[in-house]
Each structure stands twice: as C-alpha cells, then as structure tokens.
Amino acid sequence: MQRIPEEKIDEIRSQVDIVDVVGNYVQLKKQGRNYTGLCPFHGEKTPSFSVSPEKQIFHCFGCGKGGNVFSFLMQIDGLSFVESVKKVADLAHIPLDVAISQGDSSPGNKPDSQESKMIEIHQLASKLYHYLLMETEEGQEALQYLLDRGMSEQELDHFEIGFAPAHASTVTTFLKKREVDLALAVESGLLTERDDGEVVDRFRNRIMFPIKNDRGQLVGFSGRLFNQEDGPKYLNSPETRIFNKRNILYHFSDARQEIRKKEEILLLEGYMDVISSVSATFSNGVASMGTSLTEEHVQMIRRVTNRAIICYDGDRAGIEASFKAGTMLAEQHRLEVFVLQLPNGKDPDDFIRSEGAEKFAEIYTHQRLTWTAFKLQFFKRNRNLQNETDKIAYLGEALAEIGKLDQAVERELYLKQLGSEFDLSMEALKQQLQQTVVVKPKPHDYGGPPPESYGEYPSYEGDGGPVYEQFSFAQPSSVPSAGLTSEKRLLKYMLEDRDAFIQIRNLLEEHQTDFYHDNYKALYTHLIGFYASGNDANPLALMDQLKDDMARNLVSELEMMTVNTDVSIEEYQDYVQSLTKSSIERDIKEKEQALLTATQQGDIPAALELARTITTMRATMKNTPN
C-alpha cells in the first residue's frame with residue numbers, strides 16, 4: 001500500500017484548471033480577474049461564490065466554504081481526498097501509477113462508506129438487469145416491447161436499460177453468490193424483506209431504468225410494467241440514504257455538458273421522453289422522478305443554466321404541470337422559461353418516434369412559446385370567450401400578466417395581440433393596463449439598499465419598467481475591527497511567504513501577543529507545523545493537509561484578499577501592535593465588568609484593586625503605538 005507522493009499531487013493539481021472543474025457544477029461568469037456564480041453549497045439568489053484561476057481556489061462569501069480543486073470535489077461529490085485526487089488525475093489524463101486502497105492514509109481520506117457500498121450493489125444489479133434484457137430468452141418479451149416502441153439496441157445499451165424477471169429471488173441469489181451484505185441491499189431499496197423475514201427482490205417482471213444522481217452515481221431504479229399485469233405503471237426505489245426523488249433528475253449528470261453548451265435545459269416528464277430526445281440530438285433533456293419539480297431540482301438547474309424549455313405531455317395534466325413548473329422557475333426563481341406544445345396533445349416520445357427528429361427540432365427552435373405567451377393561452381382554458389363575463393375576466397388576467405413585463409417593447413407586442421384578437425384599440429388597452437397594474441419596485445436579494453460598491457441593482461424609471469443591470473457578487477456587510485483586520489493581514493502574509501512567517505512569528509513572541517479568534521489561532525498553529533516540516537509557502541498544498549473545514553475555508557478567504565505586496569517589517573510590527581492593543585482593550589472591558597460587580601456587592605477592597613489595574617492598563621494602551 002502506498003500513499004500518493006506530494007510531488008504527484010502537485011503535478012495533478014497543476015494540470016487542471018479549477019475553473020473547468022467547478023464549471024461542471026456551477027454556472028460561472030467572468031467578472032474581473034475571477035469567475036462568479038451561485039454557490040452550490042447553499043441556496044442563494046445573488047452570486048456570492050467566486051473562483052480564482054490565478055490562485056486556483058474557490059470561496060463563497062455567503063456560507064464561507066472554500067478550498068482548492070480537491071476539496072471542492074470532496075465537498076460537492078462526497079469524495080475522500082484520495083478519490084478526489086484520482087478524479088482530477090483522470091480529468092488531466094495523468095496516470096496514477098501507485099497502489100491505492102480505502103485504507104490509504106493520505107490527507108483527508110475516509111474509510112469506505114455504507115453509501116458507496118449501496119452504490120456498488122446497484123451497479124452490480126444494473127449489469128445483471130441489462131444482461132437479462134439483452135441476452136436471455138426470459139427477457140425477450142420485454143426486449144421486443146421496447147424495440148416495437150422504436151427503441152434501438154444502441155439506445156438500450158447507452159441508457160443501460162434492463163429487465164427484472166418475475167421470480168422472487170433473481171437478484172437476491174445473484175448477490176448472495178457474490179457475498180454481498182443482503183441487509184444492506186434491503187436498506188438500499190434493491191431488495192425487500194417479507195413479514196416472515198425472507199429477503200426477496202423488490203422489482204419483478206418490469207423493464208428497469210437505472211437512476212443516477214447529479215454526480216453520476218447509480219442510486220436507484222424505476223421499474224416499468226410492459227404488459228397488463230396488476231400494479232403501478234412505474235415502481236421506483238424507496239427513499240433511502242442515497243435515493244431521494246426530490247433531488248434527482250433523470251439523465252442530469254449525463255446532460256450537464258450539453259446543457260452548458262446549449263445554455264438551456266429541456267424539462268421532460270418521462271424516461272422514454274428523455275431517451276427519445278437524446279436520439280433526436282437533444283441531449284440536454286432531463287425528467288423528474290414522477291414528481292412535480294421541487295426546490296432542490298430548481299437549485300440543480302440554476303447551477304448550470306438560466307434558461308429552461310418545458311416540454312411536458314400535451315394532455316390536461318401535462319399542461320397544468322407545465323404551468324406549475326414554469327411558475328416556480330420564472331416567477332419564483334427568475335429563470336427564462338419557454339414552453340413547447342406538441343401538436344395533437346402528443347408526448348415528446350410519441351411525437352419524435354412518429355413525426356421524426358427534424359420536426360421536433362423545428363418546433364423546439366422556432367415554435368417555442370415565451371412564458372407570457374403560454375400563460376395567456378393557459379388562462380383561456382375553461383373559458384367561453386364568446387361570453388362577455390368570461391371575456392372580461394380573461395382580459396383582466398391577461399393585462400395583469402402583461403403589466404408584469406419589464407420591457408416596454410414586450411408589453412406593446414402582447415397588447416397588440418390582444419387588441420387584434422378582441423378588436424380593441426391600443427388606447428383602451430393601455431388605459432386599462434394603467435388601472436390594472438401598479439408597478440412597484442421588486443425587492444432585490446441584498447435585504448436592504450445595496451451600497452454602490454456592491455454593483456448595479458434594479459432601478460425603476462418612467463414607463464419603461466424595471467431595468468436590470470450587471471451586478472457583482474455580494475460582499476460581507478459588517479465592518480471588521482482593527483484587531484480582526486490585523487489578524488487577517490498577518491495570516492495572509494504568513495501564508496504566502498515563509499520569510500514573512502518567520503518575521504511575524506518573532507514579532508508575536510517579542511510582544512508576547514497571539515491571535516485572538518479561535519479559527520485564526522488554529523490556522524497559525526497549522527502554519528507552524530507546515531513550515532516546520534520543511535515546506536515552502538504553498539496555500540494549495542496546505543489546504544490538502546488541513547482536515548478541519550473551517551481552517552480550509554479561512555485559507556480560501558484569506559487568499560481572496562487583496563493586500564499590498566510591497567510590505568516592510570515595520571508594517572508587520574504595526575499589525576502586531578494592533579493585536580496587542582486589541583488584547584488590552586478586551587482585558588479592560590473584562591476588568592470594568594468585574595469592577596461593576598464588586599461595587600454592586602460592596603466589596604470595596606476588590607473594587608479599589610480593580611480600579612488601579614484598569615488605570616495601569618489604560619496607561620499601557622495609551623503608550624502602545626497605533
């Protein structure tokens with residue numbers, strides 16, 4: 001068993017740009033020297049997540065998480081340090097020619113988890129299901145059903161579609177022979193335990209769709225009936241520690257790259273819709289697991305794109321689901337939303353296989369409805385527009401929606417459409433619009449009037465409505481104390497220069513002072529050990545050795561700071577003296593509180609002694625240079 005040599009880790013780290021890696025998970029935009037986006041580690045509407053290509057680090061000014069490319073993958077994918085190094089090595093096409101096992105003691109490594117064993121069990125089962133579908137007589141009926149629906153063997157292989165036989169113990173027996181922990185297989189949802197204690201297969205006589213999470217790990221299945229037997233049409237894996245429908249979109253991990261390329265995601269209802277859309281060269285298609293779109297789904301989408309194309313089934317339920325999903329995406333989360341409505345109420349799978357990929361591409365590209373256009377159509381449903389009452393009610397709803405539009409040109413366009421459809425003058429519609437809609441400033445995401453240094457924000461002027469301009473990511477609003485600023489700057493210099501570390505450490509010892517805040521004190525201790533081991537200044541390498549997330553986050557925060565690079569020992573001394581002064585100030589406050597308590601209790605001797613001490617400490621602080 002070998003550890004990964006530090007030189008190899010440095011080589012791997014240097015061969016991959018952190019912007020490229022993070023960009024697979026977060027929609028990044030260039031802003032000055034860095035890239036910014038919405039933090040993948042906490043929900044937010046204003047970008048506070050920053051990636052520095054120069055420093056090769058990331059840091060969120062909102063939640064405080066930060067680190068290098070390895071720690072990003074460890075946090076976003078739940079990997080150990082060794083696994084993250086292997087993943088980055090694969091991305092850089094660097095052979096990792098050392099023996100590595102779960103027992104490796106490399107920094108940050110953790111033992112094999114129950115979750116990873118569950119994923120391995122699902123991978124074994126998936127291979128079995130696919131073999132049973134493609135290579136056995138028992139799977140012939142299910143295979144023929146899929147081929148008759150227009151699926152090719154290439155599609156079946158690509159999506160790893162399988163078949164679960166009607167027997168109660170096909171997978172159970174298969175796992176037993178491989179000495180798999182059946183209790184864990186039950187916990188993972190693949191098997192189930194009967195009342196009498198017998199363990200049997202959960203999925204039987206069903207076509208099997210493997211389900212991957214957003215990291216591409218196989219975490220569950222959806223089994224579809226293909227004949228007339230009783231039972232639900234689709235049977236999904238139960239909720240487990242690795243499978244939760246609320247945060248899984250079918251095909252998302254495979255679609256991520258195409259979503260970024262097209263700069264939009266195609267939202268579909270079913271697995272077959274996704275498979276057909278991929279065959280039609282629309283590999284940006286995903287589907288929810290038989291549930292409505294959730295907040296977790298929206299957060300996943302917002303990490304990779306700001307535009308969604310909804311193409312649900314054309315029946316009543318599909319149209320209502322489109323309205324619900326679009327409302328969440330466009331109005332609650334401000335994504336740009338379009339809706340595809342396929343002719344004759346067909347679902348995407350039926351339409352693509354009957355009408356062809358070119359016809360679907362034509363509708364996708366040239367016949368998509370804007371969110372407003374779709375809503376105007378939606379509001380007509382169940383209304384008799386020949387009836388004056390229904391007509392007036394519809395016009396009220398339509399004008400309310402048009403009034404929400406930011407751009408005057410858009411409002412004019414839809415008002416003209418309404419005027420033409422109902423033979424109404426533009427003057428009358430505009431007058432009614434003014435009475436129906438009172439434009440109010442929309443709340444921004446800063447929680448208060450944003451200072452100019454935070455960037456541009458929505459302004460409302462005249463009839464043009466709100467105008468949204470470019471903004472920068474949010475910065476912490478609190479003003480740090482002089483002592484805190486000194487601590488940060490000292491640690492920043494010590495991180496980036498070994499000689500600075502030696503000079504500052506000598507000054508701290510000379511003035512008999514130390515860092516006050518626990519996180520800063522802990523990082524200082526780590527630095528002492530890091531340099532004592534013979535390392536040169538290397539914040540990225542230090543991050544790899546830090547097992548404490550708080551310390552790693554602090555390093556990334558400090559690395560994002562901009563400080564004067566031409567610094568003298570006199571400046572270091574000023575910061576150290578500031579620490580000393582802050583320490584005395586804290587001590588004085590403690591003594592003043594003790595003096596108040598002693599006075600209230602009538603302890604005159606103690607009060608007098610404390611008063612003398614406070615006087616001496618104030619004199620000391622007065623003589624301490626600023």
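**A tour of one sheet and two helix packings**

Select strand S9 (residues 206-212) and strand S10 (residues 218-224): the two run antiparallel and are joined by 6 bridges. This is a predicted model, so read each stop as part of a prediction. Within the pair, pick Phe209 and find the residue opposite, Ser222 in S10.

Now widen the selection to the rest of the sheet. S9 and S10 belong to an open sheet of 4 strands, in the order S6-S9-S10-S11, with antiparallel pairing. At the edges are strand S6 (162-164) and strand S11 (234-236), each of which pairs on one side only. Turn the view to compare strand directions: on average, neighbouring strands of this sheet are turned by 35° against each other, direction ignored.

Next, add residues 271-279, which form helix H11. Which strands does H11 lie across? They are S9, S10 and S11, and the helix runs at about 70° to S9.

Leave the sheet and select residues 482-496, helix H20, together with residues 498-510, helix H21. These two helices pack at an angle of about 135°, and their axes are 5 Å apart. Angles over 145 degrees would count as roughly antiparallel and 65 to 115 as roughly perpendicular; H20 and H21 are therefore oblique to each other.

To see what makes the contact, show side chains on both helices. From H20, select Leu490, Tyr493, Met494 and Glu496; from H21, select Arg498, Ala500, Phe501 and Ile504. Coloured by residue class, the contact of H20 with H21 shows 6 nonpolar residues, 2 charged and no polar.

Terms used: Residues are numbered from 1 along each chain as its sequence is written. This is a predicted model: local features need pLDDT of at least 70, side-chain atom pairs count only at pLDDT 80 or more; totals for chains, interfaces and linings use all residues. Side-chain values use heavy atoms; hydrogens and water are left out. Axes are lines fitted to C-alpha atoms, for helices over the stretch in contact, and angles run from 0 to 180 degrees between N-to-C directions. Angles under 35 degrees count as roughly parallel, over 145 as roughly antiparallel, 65 to 115 as roughly perpendicular and the rest as oblique. Contact means heavy atoms within 4.5 Å. Ala, Val, Leu, Ile, Met, Phe, Trp, Tyr, Cys and Pro count as nonpolar, Asp, Glu, Lys and Arg as charged, and the others, Gly among them, as polar. Two strands pair if DSSP finds at least two bridges between them.
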